[in-house]
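Visitor: I am new to this structure and would like a close look at a single part of it. Could you take me through the salt bridges and the residues that form them, and then through what else is found around them?

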Amino acid sequence: MQLNSVVIRTENMEKSIEFYEKTLGLTFETMMSAAPGKQIAFLYDSKSNSRLELIHNDRSKVKKENSVSLTFIVDQISETEKYLRSKN
């Protein structure tokens, strides 16, 4: 497995982009509107070759328990699922 990206839900897209660019040194790549009131911004870390996705949705409040997601690249999803289930 290889870490592909981290997804963070945010209540303030502009402040979040500013923080990750200016404080952590990530590079803003692009932003898209996934639906009315829903924006996704993509930032890149050249040192680790990883991406950060920031998601903002006007229609839902960010909850701590589901504000961060990790995505991984795998060769075979069913084999990876079996492996992960074997590890609980």
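Guide: What follows begins with the salt bridges and then turns to other contacts and to the surface.

Please keep in mind that this is a predicted model, and that the values below are computed from it. As background, side chains of opposite charge can pair when their charged atoms come close. How many salt bridges does a search of the whole structure find? The search finds four, and I will describe some of them, including one in helix α1.

In that helix, which runs over residues 13–23, the side chains of Glu 18 and Lys 22 meet in a salt bridge, with a distance of 3.9 Å from N to O. Glu 18 and Lys 22 are separated by about one helical turn, because they lie four residues apart in helix α1. Glu 18 counts as partly exposed, because its relative accessibility is 42%, whereas Lys 22, with a relative accessible area of 66%, is exposed.

Helix α2, which spans residues 77–86, holds further pairs of this kind. Glu 79 forms a salt bridge with Lys 82, and the closest N and O atoms of the two are 3.3 Å apart. Here the spacing in sequence is three residues, so Glu 79 and Lys 82 are again separated by about one helical turn. Glu 79, at 45% relative accessibility, counts as partly exposed, while Lys 82, at 54%, counts as exposed. In helix α2 there is also the pair of Arg 85 and Glu 81, whose side chains meet in a salt bridge at 3.0 Å, N to O. Arg 85 and Glu 81 are four residues apart in the helix, and therefore about one helical turn separates them. Arg 85 is exposed, with a relative accessible area of 60%, and Glu 81 is partly exposed, with 41%.

Helix α2 also takes part in a nonpolar patch on the surface, to which α2 and strand β5 (68–73) each supply at least two residues. The patch is formed by Met 1, Leu 3, Val 68, Leu 70, Phe 72, Tyr 83 and Leu 84, and together these residues have about 710 Å² of accessible area. The most is given by β5, which contributes three residues. Phe 72 is found in strand β5 and counts as partly exposed, because its relative accessibility is 43%.

Returning to the neighbourhood of Glu 18 in sequence, one comes to an aromatic pair. The count of such pairs comes to one, and Phe 19 and Tyr 20 form it in an edge-to-face arrangement, with 5.0 Å from centre to centre and 80° between the planes. Phe 19 is partly exposed at 38% relative accessibility, whereas Tyr 20, at 16%, counts as buried.

A last residue to look at is His 56, which is found in strand β4, residues 50–57. Is His 56 buried or exposed? His 56 counts as buried, because its relative accessibility is 12%. The side chain of His 56 is joined to that of Asp 58 by a polar contact of 2.7 Å, and it also reaches the backbone oxygen of Glu 11 at 3.4 Å. When residues up to four places away in sequence are left out, His 56 touches Thr 10, Glu 11, Asn 12, Met 13, Gly 37, Lys 38 and Gln 39.

Key
Residues are numbered from 1 along each chain as its sequence is written. This is a predicted model: local features need pLDDT of at least 70, side-chain atom pairs count only at pLDDT 80 or more; totals for chains, interfaces and linings use all residues. Side-chain values use heavy atoms; hydrogens and water are left out. Buried means under 20% relative accessible area, exposed over 50%, partly exposed in between (1.4 Å probe, protein chains only). A polar contact is a pair of N or O atoms within 3.5 Å; within protein, one must be able to donate a hydrogen and the other to accept it, and residues adjacent in sequence count only if both atoms are side-chain atoms. Contact means heavy atoms within 4.5 Å. Rings of Phe, Tyr and Trp (its six-membered ring) pair if their centres lie within 6.5 Å; planes under 30 degrees apart count as stacked, over 60 as edge-to-face and the rest as tilted. Patches are made of residues with over 30% relative accessible area and no salt bridge: like charges are joined within 9 Å, nonpolar side chains (Val, Leu, Ile, Met, Phe, Trp, Tyr) within 5 Å. Accessible areas come from the Shrake-Rupley method with a 1.4 Å probe; for residues, only the protein chains shown count as cover.
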